[in-house]
Amino acid sequence: MQAFTTLTAVVAPLDRVNVDTDAIIPKQFLKSIKRTGFGANLFDEWRYLDVGEPEQGCDQRPKNLDFVLNQPVYQQAQILLTRKNFGCGSSREHAPWALLDFGFRAIIAPSFADIFYNNCFKNGILPIVLTEAQVDDLFQHVYQHSGYCVTVDLPRQQIQDNAGLVWSFAVDEFKKTCLLHGLDDISLTLQQADRILAYEQQAKQRTPWLFSTH
């Protein structure tokens, strides 16, 4: 998993509440478990005017030019600004996979669905909770300044723009450490590889019949 320390990037505004995981990545694209290739179908029903299908190329599909991510200034955005209860609905891990594959490394909202929130940390995305007033403030800056950029500083737990405005955020210390060092659940387990191997060797000596191949 890619570590996250600081990120300076364009903020894309998705001014919607209760964005569920089926909107983030529709159900027909859940057949693959490769973790990559989902970015083209992120928000598929909002980005395109036709119905998307798995393994369908998206280059020639008719686009909804009114949708924010189809606007040129936001096509390389890495920070998503949105409203409360983002990531609600089913617990599909494909949702953070699609956001990450598109290029998003941080999401700012007043609240997130719990499972989606935890899945973000496990996939290298930083979900940031700010108050609704702070989110309103950020939306205003995004709308007033085309290509509005901020710097997300995870070690300092701050968001800052080039005018000196600062928003602070809280984050669980364990989740923060894992993200700073790029540690997902597998990486955390592999840190104990020597102890796991030692336990297995002891178990083979105590109960060899459990490990017999005959």
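These are my notebook entries on the pockets, the nonpolar core, a helix, the aromatic pairs and one lysine of a predicted model.

**Entry 1, pockets**

I began with the empty space, and I found that the largest pocket holds about 320 Å³. I listed 16 residues in the lining of this pocket, and I noted that F29, S32, G37, P54 and E55 are the ones that lie nearest its centre. Sorting the lining of the largest pocket by class, I got seven polar, five nonpolar and four charged residues.

I then turned to the second largest pocket, for which the computed volume is about 220 Å³. Its lining is made up of 14 residues, and I recorded R47, L69, Q75, Q76 and F102 as the closest to its centre. By class, I noted six nonpolar, five polar and three charged residues in the lining of this second pocket.

**Entry 2, nonpolar core**

Next I looked up the largest nonpolar core, which has 58 residues, and I wrote down F43, F86, L99, F116 and L126 as those that touch the most other members. The element that gives the most to this core is strand β1, residues 6–14, with six residues.

I followed F116 further and, leaving out residues up to four places away in sequence, I found that it touches I24, F86, G87, A95, P96, L99 and I107.

**Entry 3, helix α3**

I asked how many residues of helix α3 are buried, and for this helix, which spans residues 94–102, the count came to seven of nine, so I entered it as mostly covered, with buried taken as under 20% relative accessible area. The buried residues of α3 are H94, A95, P96, W97, A98, L99 and F102. I traced what these buried residues pack against, and the elements are α1 (21–24), α2 (44–47), β2 (79–82), β3 (106–109) and α4 (114–122). Just after the helix I came to G103, and I noted that this residue takes a positive phi of about 130°.

**Entry 4, aromatic pairs**

I found eleven aromatic pairs in the structure. The one I examined in detail is F86 with F112, whose ring centres lie 6.4 Å apart and whose planes stand at 90°, so I entered the pair as edge-to-face. Because F86 is in the loop between β2 and α3 while F112 is in the loop between β3 and α4, this pair ties together parts that are 26 residues apart in sequence. I checked both residues for exposure, and F86 and F112 are both buried.

I then took F86 with F116, which is an edge-to-face aromatic pair as well, with 5.4 Å from centre to centre and 75° between the planes. Here F86, in the loop between β2 and α3, is joined to F116 in helix α4, and I noted that the two are 30 residues apart and that the pair links distant parts of the chain. F116 is buried, as is F86. Following the ring pairs onward, I found that they link F86, F112, F116, Y117 and F121 into a cluster.

**Entry 5, K175**

My last entry concerns K175, which I located in helix α6, residues 173–180. Is K175 buried or exposed? I had to enter K175 as partly exposed, with a relative accessible area of 23%, because buried would require a value under 20% and exposed a value over 50%. Not counting residues up to four places away in sequence, K175 touches Y117, N118 and F121; two of these, Y117 and F121, I had already listed in the aromatic cluster. I also looked up the separation of K175 and N64, which are 111 residues apart in sequence and, C-alpha to C-alpha, 36 Å apart in space.

Conventions. Residues are numbered from 1 along each chain as its sequence is written. This is a predicted model: local features need pLDDT of at least 70, side-chain atom pairs count only at pLDDT 80 or more; totals for chains, interfaces and linings use all residues. Side-chain values use heavy atoms; hydrogens and water are left out. On a 1 Å grid over the protein atoms alone, a cavity is a set of points where a 1.4 Å probe fits but cannot get out, and a pocket is an open set with protein on both sides within 12 Å along at least five of seven lines; lining residues have an atom within 4 Å of a point. Grid points are joined across faces, edges and corners, and a volume is the space filled by probe spheres set on the points. Ala, Val, Leu, Ile, Met, Phe, Trp, Tyr, Cys and Pro count as nonpolar, Asp, Glu, Lys and Arg as charged, and the others, Gly among them, as polar. A nonpolar core is a set of buried Ala, Val, Leu, Ile, Met, Phe, Trp, Tyr and Cys residues joined through side-chain atoms within 4.5 Å. Buried means under 20% relative accessible area, exposed over 50%, partly exposed in between (1.4 Å probe, protein chains only). Helices (H or I, at least four residues) and strands (E, at least two) are DSSP runs, numbered from the N terminus. Contact means heavy atoms within 4.5 Å. Rings of Phe, Tyr and Trp (its six-membered ring) pair if their centres lie within 6.5 Å; planes under 30 degrees apart count as stacked, over 60 as edge-to-face and the rest as tilted.
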